[in-house]
Amino acid sequence: MKIIVVGTGFVGLTHAAVLSESGHKVYAYDIDKEKIDAYNSGKREKIERYVHEPGLASIIQDTLNRYLFFVDNIEDIIEGTQAIFLCLPTPPNLDGSTDLSYYKNAVHLLGERLAKRTDQERVVLINKSTVPVGTARMLQGILDEHAVPNFGVASNPEFLPEGDAVERSRKPDRIVVGADTEKDFAILRRTYSRFVNHVRISYIETTPETAESIKYVANTLLLTYISFWNGVGARLGETLDNLDMEDLKRGVTSDSRISKWGSYVSNGAGGSCFGKDIQSLIYQLRSRHQPTELLEQVYHINEFQKKYLVDRAINEAGFNFNNKTVALLGLAFKKQTNDMRDSSSLVVVERLLSHGVKSIRAYDPLATEEAKHYFDPNKNSLFDKISYHDSVHSALEGSDALFITTDWEEFRALADTIQDSVKPPYLVIDGRRMIVNYRSLIVAGYTYLAVGSKL
Ligand SMILES: NC(=O)c1ccc[n+]([C@@H]2O[C@H](COP(=O)([O-])OP(=O)(O)OC[C@H]3O[C@@H](n4cnc5c(N)ncnc54)[C@H](O)[C@@H]3O)[C@@H](O)[C@H]2O)c1
């Protein structure tokens, strides 16, 4: 099949690459010419500057210019295309509603061009982005405005988790396709032929509105699990004597009805999706005059978790951040990615700076370049206080406290590195309960403050 993927960010690039492995001819289009040039170079470091996902650069190198083509101009590739996937940004507006301007711009351009094509074969435009319920209908309206002949619209939401995007795109739990006609379902079945009738993958065909809703319900339910543990488990662990958080988790999740995923306490879930999707669902339900208390609490608990550990350090550990040097371990919103969108580290940096720290010594195995864009001293001179280091050891040098914000596996064995690098009195703030051997730190005189535990 000839397929176009519009938008080559995390979702679009992964989707295009994995589709090209199936032997489709995939044209990945983006308005960002620098990105397209980087992907076309076939060079790992250039590709990973934009999307760092295990295995992704290798697929691109294997299929580039044979099954996978990167273009910054849509004009010449429309003819003969059967499926066009829209993988565009859908950021939140200030009121929580979804900004669909990227969508509309892209769809108008496609509409103009599709109206002029000569082949007149059936083409389906498919929403892969997370879009409010009703967006497939909107798409249909725009294409009708342009008098596009012989087209269908579909919703095929993406569920990939960052950090494991390739593996989970190759072996998804489910494929959800919402469309109106058998012709369009048939095109999607061909696109995903290796997943249809698969013993382990649920291939679900439904209405566009149901498909759009599935994505919002699934994402907000995942955030609800996380916020449940943060709102209940962390609160118990931080106020009860003698509560063992690991035993609590094991005891609760040994029940097969209870999800193991999300059953942990943390400094909040970041990433580009959870926050914006729950805000969008709240907005969509409010627009239908429905109560939204549950979702609002889930959202607020998650935001609270990102910021409250700095307050605990001050109030419980009696630590004064003024003029202190803090090592910040982790910048990405989770391990295995360089993505910092909505990362807890953004909130922590803001809080540390507002409490007058002298300097922040940051370390992240992947996200340093990304961080330099977020913490650009030209935007805020306080960001001058941040320096970047290429190891934990180097970040710890001369620090008075450390803050773990990301769950990088290498942080599990930190107890020894800390004792080699810095001496008590010293405050360790563990936002992910990463340090396995934390008791040795306490015995050696360090102050250890972890999410979900009393000091
Ligand atoms: N990131 C995730 O883990 C994830 C998972 C599931 C779903 N989603 C959803 O997928 C969508 C895309 O997310 P993302 O993380 O890939 O976003 P992204 O910002 O990483 O990528 C979007 C890309 O679209 C390009 N673009 C913008 N306007 C364009 C236009 N008019 N024409 C062509 N290209 C254009 C941008 O240059 C960018 O490369 C969002 O709706 C998101 O909620 C994301």
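This briefing looks at the domains, one pair of helices and the cysteines of the structure above. The model is a predicted one, and its protein is divided into domain 1, covering 2-206, and domain 2, covering 232-450. A search of the whole structure for disulfides finds zero of them.

**Domains**
- The C-alpha centres of domain 1 (2-206) and domain 2 (232-450) lie 34 Å apart.
- Where these two domains are in contact, 20 residues come from domain 1 and 18 residues come from domain 2.

**Helices H6 and H9**
- Helix H6 spans residues 135-145 and helix H9 spans residues 208-239, and their axes, which come within 8 Å, cross at roughly 130°.
- Because of this crossing angle, H6 counts as oblique to H9.
- On the H6 side the residues that meet the other helix are Thr135, Ala136 and Arg137, while on the H9 side they are Pro208, Glu209 and Glu212.
- Sorted by class, the contact of H6 with H9 is made up of two nonpolar, one polar and three charged residues.

**Cysteines**
- A disulfide is a covalent bond that joins the sulfur atoms of two cysteines.
- With zero disulfides found in the whole structure, Cys87 is in none, and the nearest cysteine sulfur to it, that of Cys273, is 12 Å away.
- Seen from the other side, the closest cysteine sulfur to that of Cys273 is in Cys87, and the 12 Å between them is too far for a bond, since a disulfide needs the two sulfur atoms within 2.5 Å.
- Cys87 counts as buried because its relative accessibility is 8%, whereas Cys273 counts as partly exposed because its relative accessibility is 30%.

Methods:
Residues numbered from 1 in each chain as written. Predicted model: local features only at pLDDT ≥ 70, side-chain atom pairs only at ≥ 80, totals over all residues. Heavy atoms only, no water. Buried < 20%, exposed > 50% of the residue type's maximum accessible area, 1.4 Å probe, protein only. Axes fitted to C-alpha atoms, helices over the stretch in contact; angles between N-to-C directions. Helix = DSSP H or I, 4+ residues; strand = E, 2+ residues; numbered from the N terminus. Parallel < 35°, antiparallel > 145°, perpendicular 65-115°, else oblique. Contact = heavy atoms within 4.5 Å. Nonpolar A, V, L, I, M, F, W, Y, C, P; charged D, E, K, R; others polar. Domains from an automatic or database assignment.
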